[in-house]
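Welcome to this structure. Here are some notes to read alongside it, one topic at a time.

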Amino acid sequence: MGRTQGFDTAAAVRRARQVFWESGYEDAAIPALESATGLNRSSIYNAFGSKRGLFDAAVDSYLDEVIRPLLQPLTETPVAPGAIVEYLARLRSAFLNEGSSASANGCLLINSANAPIARDAAVREVVAAYRQELRSAIGRGVVAHRPSHDPEANARLADACTAMIVAAFALTRVDNVAALQCIDTATHLLDHHA
């Protein structure tokens, strides 16, 4: 008869997610993960198989609890005409809030794309799928905001806005002002792109 797990898995994953988000996979030491989760090394390995298994659970949690709720207004049917502007405004507010994880740490997945863990094929696939999910949501928001514009122009605009968002997430740790400028550029393009 197996032992009953004596901890809240989702809560442990959330706490580990914060460590990975702040430090990256490579610099997230097992003692820091033990301290954050309240689990010892053997419990981490029993529950998740490895540090990498815990990271994968943290990434899934990040997508489900951080990214998708933020994108949700852009994935509804129908998408409200102002949803893309509201999304960018929420991002801007998060970047302005020095205490927010988005401002201090950027995006867990964009950070991972620029770290050694990205050499792993499974991580590359997750990052690519995230970028496509982001681009698809932004594309829906652009079309809802500019329904009478040329579809090719809207597609180019969605590409540009997605690139600005990715750049903002990549920059915020080192240059928050530049990250905010990226969001402002995306917002400006929405209303001034022909």
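In what order do the elements of the protein chain run from the N terminus on? They run α-α-α-α-α-α-α-α-α-α. Please keep in mind while reading that this is a predicted model.

1. **Overall make-up.** The protein chain has ten helices and zero strands. Measuring along the principal axes, you will find that the C-alpha trace spans about 65 × 35 × 30 Å. Among contacts with a separation of 6 or more, 67% join residues 24 or more positions apart. It helps to have that figure in mind when you come to the individual residues below.

2. **Surface and charge.** Of the 194 residues in the protein chain, 41% count as buried. The accessible surface comes to about 9,800 Å², and carbon and sulfur atoms hold 54% of that area. As for charge, there are 18 positive and 21 negative side chains, with the centres of the two sets 3 Å apart.

3. **The largest nonpolar core.** This core has 56 residues. Which of its members touch the most other members? They are F20, Y87 and I138. Helix α4, covering residues 51–75, contributes the most to the core, with ten residues. You will meet helix α4 again in several of the points below.

4. **I138, one of those core residues.** Setting aside neighbours within four places in sequence, I138 is in contact with L74, I84, Y87, A158, C161, T162 and I165. Two names in that list are worth marking on your copy: Y87, which is also among the core members that touch the most others, and C161, which returns in the next point.

5. **The cysteines.** How many disulfides does a search of the whole structure find? The search finds zero. C161 is in no disulfide, and the nearest cysteine sulfur, that of C182, is 11 Å away. The cut-off for a disulfide is a pair of cysteine sulfur atoms within 2.5 Å, so a separation of 11 Å between the sulfurs of C161 and C182 does not qualify. C161 counts as buried because its relative accessibility is 1%, under the 20% cut-off. C182 is also counted as buried, with a relative accessibility of 10%.

6. **L54 in helix α4.** L54 has its place in helix α4. Is L54 buried or exposed? Its relative accessibility is 0%, so L54 counts as buried. Beyond neighbours within four places in sequence, the contacts of L54 are V13, A16, F20, L33, I44 and F48. F20 in that list is another of the core members that touch the most others. By way of scale, L54 and C161 are 107 residues apart in sequence, and their C-alpha atoms are 32 Å apart in space.

7. **E65 and its arginines.** E65 is also in helix α4. With a relative accessible area of 35%, E65 is partly exposed. Not counting residues up to four places away in sequence, E65 touches R14 and R17. E65 and R14 are 51 residues apart in sequence, yet 9.3 Å apart from C-alpha to C-alpha.

8. **R17 from the other side.** R17 belongs to helix α1, residues 9–27. Is this arginine, R17, buried or exposed? R17 counts as buried, at 10% relative accessibility. Besides E65, R17 is in contact with A58, S61, Y62, V66 and L108, again leaving aside neighbours within four places in sequence.

9. **L109 in helix α7.** L109 is found in helix α7, which covers residues 108–113. A relative accessible area of 2% makes L109 buried. Leaving aside neighbours within four places in sequence, L109 is in contact with V59, Y62, L63, V126, V127 and Y130. Y62 is a contact of R17 as well. L109 and R52 lie 57 residues apart along the chain, and their C-alpha atoms are separated by 14 Å.

10. **A cis peptide bond.** Where does P78 sit? P78 is in the loop between α4 and α5, the latter being residues 83–96. The peptide bond from T77 to P78 is cis, with omega near -5 degrees. Do have a look at this bond in the model when you reach that loop.

Key
Residues are numbered from 1 along each chain as its sequence is written. This is a predicted model: local features need pLDDT of at least 70, side-chain atom pairs count only at pLDDT 80 or more; totals for chains, interfaces and linings use all residues. Side-chain values use heavy atoms; hydrogens and water are left out. Buried means under 20% relative accessible area, exposed over 50%, partly exposed in between (1.4 Å probe, protein chains only). A nonpolar core is a set of buried Ala, Val, Leu, Ile, Met, Phe, Trp, Tyr and Cys residues joined through side-chain atoms within 4.5 Å. Helices (H or I, at least four residues) and strands (E, at least two) are DSSP runs, numbered from the N terminus. Contact means heavy atoms within 4.5 Å. Accessible areas come from the Shrake-Rupley method with a 1.4 Å probe; for residues, only the protein chains shown count as cover. Lys and Arg count as positive and Asp and Glu as negative; His and the chain ends are not counted. The place of a charge is taken as NZ of Lys, CZ of Arg, CG of Asp or CD of Glu.
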